[in-house]
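Biologist: Walk me through one small patch of this model up close, starting from the polar contact at its centre, then work outwards from there. Keep it informal, but give me the cut-offs as you go.

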Amino acid sequence: MSINILSFDTSTDLCSVALYFNKNIYFKYNLSPNSHMKYILQIINDLLLNANTDLSKINVISCSCGPGNFTGIRISIGVAQSISFAKNIPLISISTLEILAQGAWRKLKSHKVLSAIDAKSKQIYFAKYIRSKKGIWFILDKKEKIISLKNLIKIKTNIKKNWDISGNAWKNYEKYFLKNKNFLKNKIIFPSAIDMIPLTINYWKKNKISSLNKIKPIYLNKKYL
């Protein structure tokens, strides 16, 4: 039986929703800083109409759980919990930084990704992700963390060339990385719900279902490294 998935991310300035239904992907997004709640339910409804289906046909919901914008993370989790509870649909939460890594794979076929989201005040949510031959992402250094811009510059300067980058921190602090010409090819700025579909399928196969009441946002420790 084909799994039907509703995925959405509101952790950054981009509000994006993807519907995987009968092995077809329907996708819509809106660049709406600080106003995701105004659009997300309508986008979900639009995609369901486009696919000529409804929530009763959805097998699993996946949402981004951060790190990212505080309010955006709460919207993503809150909407997911509400739909999951109302329709009794299993829920899977996915890290924004892992979604960014999957975006780099989709666009650049990257197996090694430096995911970085601007946390403001020259702090960055950061993780090194490596993709296995089976399409599973693993974090180096065991965890995602928040680091200073100074240390991000050191990491990018010292790391080998076979790593790609993903996330808005690279764009927002672009002037610090212009010496690296490979940086300019990067086009992955925001996490996208379309990249949550393969991640959700992997989580589903491993039965990594999130408890409705225990799903927690990822804010990370502000005592950066």
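Modeller: By polar contact I mean an N or O atom paired with another N or O within 3.5 Å; inside protein, one has to be able to donate a hydrogen and the other to accept it, and sequence neighbours count only if both atoms belong to side chains. Bear in mind that this is a predicted model: local features need pLDDT of at least 70 and side-chain atom pairs 80 or more, while totals for chains, interfaces and linings use all residues. Residues are numbered from 1 along each chain as its sequence is written, and side-chain values use heavy atoms, with hydrogens and water left out.

Your starting point is Ser62, whose side chain makes a polar contact of 2.4 Å with that of Ser7. Ser62 sits in strand β4, residues 60-64 (strands are DSSP E runs of at least two residues, helices H or I runs of at least four, numbered from the N terminus). With a relative accessible area of 0%, Ser62 is buried; that label means under 20%, with exposed over 50% and partly exposed in between, using a 1.4 Å probe and protein chains only. Leaving out residues up to four places away in sequence, Ser62 touches Ile5, Leu6, Ser7, Phe8, Ile92, Ile94, Met196 and Thr200, where a touch or contact is heavy atoms within 4.5 Å.

Next door in sequence is Cys63, also at 0% relative accessibility and therefore buried. What keeps Cys63 from pairing up? The closest cysteine sulfur, in Cys65, is 6.5 Å away, too far for a bond. Cys15 is buried too, at 0%, and its closest cysteine sulfur is the one in Cys63, at 13 Å, which is again too far. With a disulfide taken as two cysteine sulfur atoms within 2.5 Å, a search of the whole structure comes back with zero.

Following the chain onwards, the peptide bond from Gly66 to Pro67 is cis, with omega near 5°. Most peptide bonds are trans. Pro67 belongs to the loop between β4 and α2.

That loop brings us to helix packing. Helix α2 (residues 70-87) packs on helix α1 (residues 36-50) with the axes 11 Å apart and an angle of about 40°; axes are lines fitted to C-alpha atoms, for helices over the stretch in contact, and angles run from 0 to 180 degrees between N-to-C directions. The two helices are therefore oblique to each other, the class left over once under 35 degrees is roughly parallel, over 145 roughly antiparallel and 65 to 115 roughly perpendicular. The crossing of α1 and α2 is right-handed: the near helix is turned clockwise from the far one by less than a right angle, anticlockwise being left-handed. On the α1 side, His36, Met37, Ile40, Leu41 and Ile44 meet Ile75, Val79 and Ile83 of α2.

Now back to Met196, one of the residues that Ser62 touches. Helix α6 (residues 196-205) crosses helix α3 (residues 96-108) at roughly 115°, and their axes come within 9 Å. In that contact, Glu98, Ile99 and Gln102 of α3 face Met196, Pro198, Leu199 and Tyr203 of α6. The crossing of α3 and α6 is right-handed.
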